[in-house]
Amino acid sequence: MSNDDCLFCKLYRDGDHVNATDGFVALRDINPQADTHLLVIPERHVDTFRDVGELTPDEARRMLEFVADTARRAGLEDYKVVVNVGPGAGQTVFHLHWHVLGGRIRGLA
Ligand code: 5GP
Ligand code: ZN
C-alpha cells in the first residue's frame, strides 16, 4: 500500500498528526496558505483525485467524514476543502490529499 519514495506515505507514518483515525491522518501544512491550513492524508497511496475510485466505498465515505471531523476539532465552522488535481491545478505531491483552509485564506481558494 505504501510507496517508499512518497513524502505523504512517510508523513502518514511519522508526521506530527493533529487528528487521526484508522486509515487517515491530518497534519499542519508546512507552508500555510490560511490561518488554519490542514492536510488530510489517507494511508492508501492514490496518486491523484482522478483515481479516487481506488479507495473502497467505505474508505471514501470515512475520508469525507474525517475531513469534516478534522475541521470541527480545529474549531472551524466555516472553511474551504480543496483538492488540486494535476500539476496544472497546482498539485505538487502525488499522494491524494485534501486541504482544509479556515480563517483568512491567502492561496488555493
Ligand atoms: P499540493 O500542492 O500537492 O496540493 O499540496 C501539497 C502541500 O503539501 C503544499 O501545500 C505544501 O506546502 C505541503 N507540504 C509539502 N511538503 C510538506 C512537508 O514536508 N510537511 C508538511 N506538513 N506539508 C508539506
Ligand atoms: Zn504515498
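**Figure 1. Helices and strands around ligand 1.** Helices and strands are DSSP runs, numbered from the N terminus, with at least four residues for a helix and at least two for a strand. Keep that in mind as you look at this predicted model. Which elements each supply at least two residues of the shell around ligand 1? They are α1, which spans 7–14, and β2, which spans 24–28. The biggest share comes from α1, which gives three residues to this shell.

**Figure 2. The neighbours of ligand 1.** Here we meet the 16 residues around ligand 1. Those that come nearest are R28, D29, N84, T92 and H99. How does the shell divide by class? Seven of its residues are nonpolar, seven are polar and two are charged.

**Figure 3. Close-up of polar atoms facing oxygen atoms of ligand 1.** Start with N84, one of the residues that come nearest to the ligand. A polar atom in the side chain of N84 is 2.8 Å from an oxygen atom of ligand 1. Next, find H97, where a polar side-chain atom lies 2.9 Å from an oxygen atom of the ligand. With G90, look at the backbone instead: one of its N or O atoms lies 2.9 Å from an oxygen atom of ligand 1. How much of ligand 1 does the protein bury? Taken alone, the ligand exposes 520 Å², and the protein buries 81% of that.

**Figure 4. The largest pocket, home of ligand 1.** Now let us turn to the space itself. Ligand 1 takes up the space of the largest pocket. About 380 Å³ of space lies in this pocket. Which residues lie nearest its centre? Among the 20 lining residues, these are F8, D29, I30, L39 and V93. You have already met D29, as one of the residues that come nearest to ligand 1.

**Figure 5. What the pocket lining is made of.** Three elements, α1, β2 and β3 (34–42), each supply at least two residues of the lining of the largest pocket. With three residues, α1 gives the most to this lining, just as α1 gives the most to the shell around ligand 1. By class, the lining has eight nonpolar, nine polar and three charged residues.

Note on methods: Residues are numbered from 1 along each chain as its sequence is written. Chains are lettered from A and ligands numbered from 1 in the order in which they are written. This is a predicted model: local features need pLDDT of at least 70, side-chain atom pairs count only at pLDDT 80 or more; totals for chains, interfaces and linings use all residues. Side-chain values use heavy atoms; hydrogens and water are left out. A residue is near a molecule or strand if one of its heavy atoms lies within 4 Å of it. A polar contact is a pair of N or O atoms within 3.5 Å; within protein, one must be able to donate a hydrogen and the other to accept it, and residues adjacent in sequence count only if both atoms are side-chain atoms. Accessible areas come from the Shrake-Rupley method with a 1.4 Å probe; for residues, only the protein chains shown count as cover. On a 1 Å grid over the protein atoms alone, a cavity is a set of points where a 1.4 Å probe fits but cannot get out, and a pocket is an open set with protein on both sides within 12 Å along at least five of seven lines; lining residues have an atom within 4 Å of a point. A molecule sits in a cavity or pocket if more than half of its atoms lie within 2 Å of its grid points. Ala, Val, Leu, Ile, Met, Phe, Trp, Tyr, Cys and Pro count as nonpolar, Asp, Glu, Lys and Arg as charged, and the others, Gly among them, as polar. Grid points are joined across faces, edges and corners, and a volume is the space filled by probe spheres set on the points.
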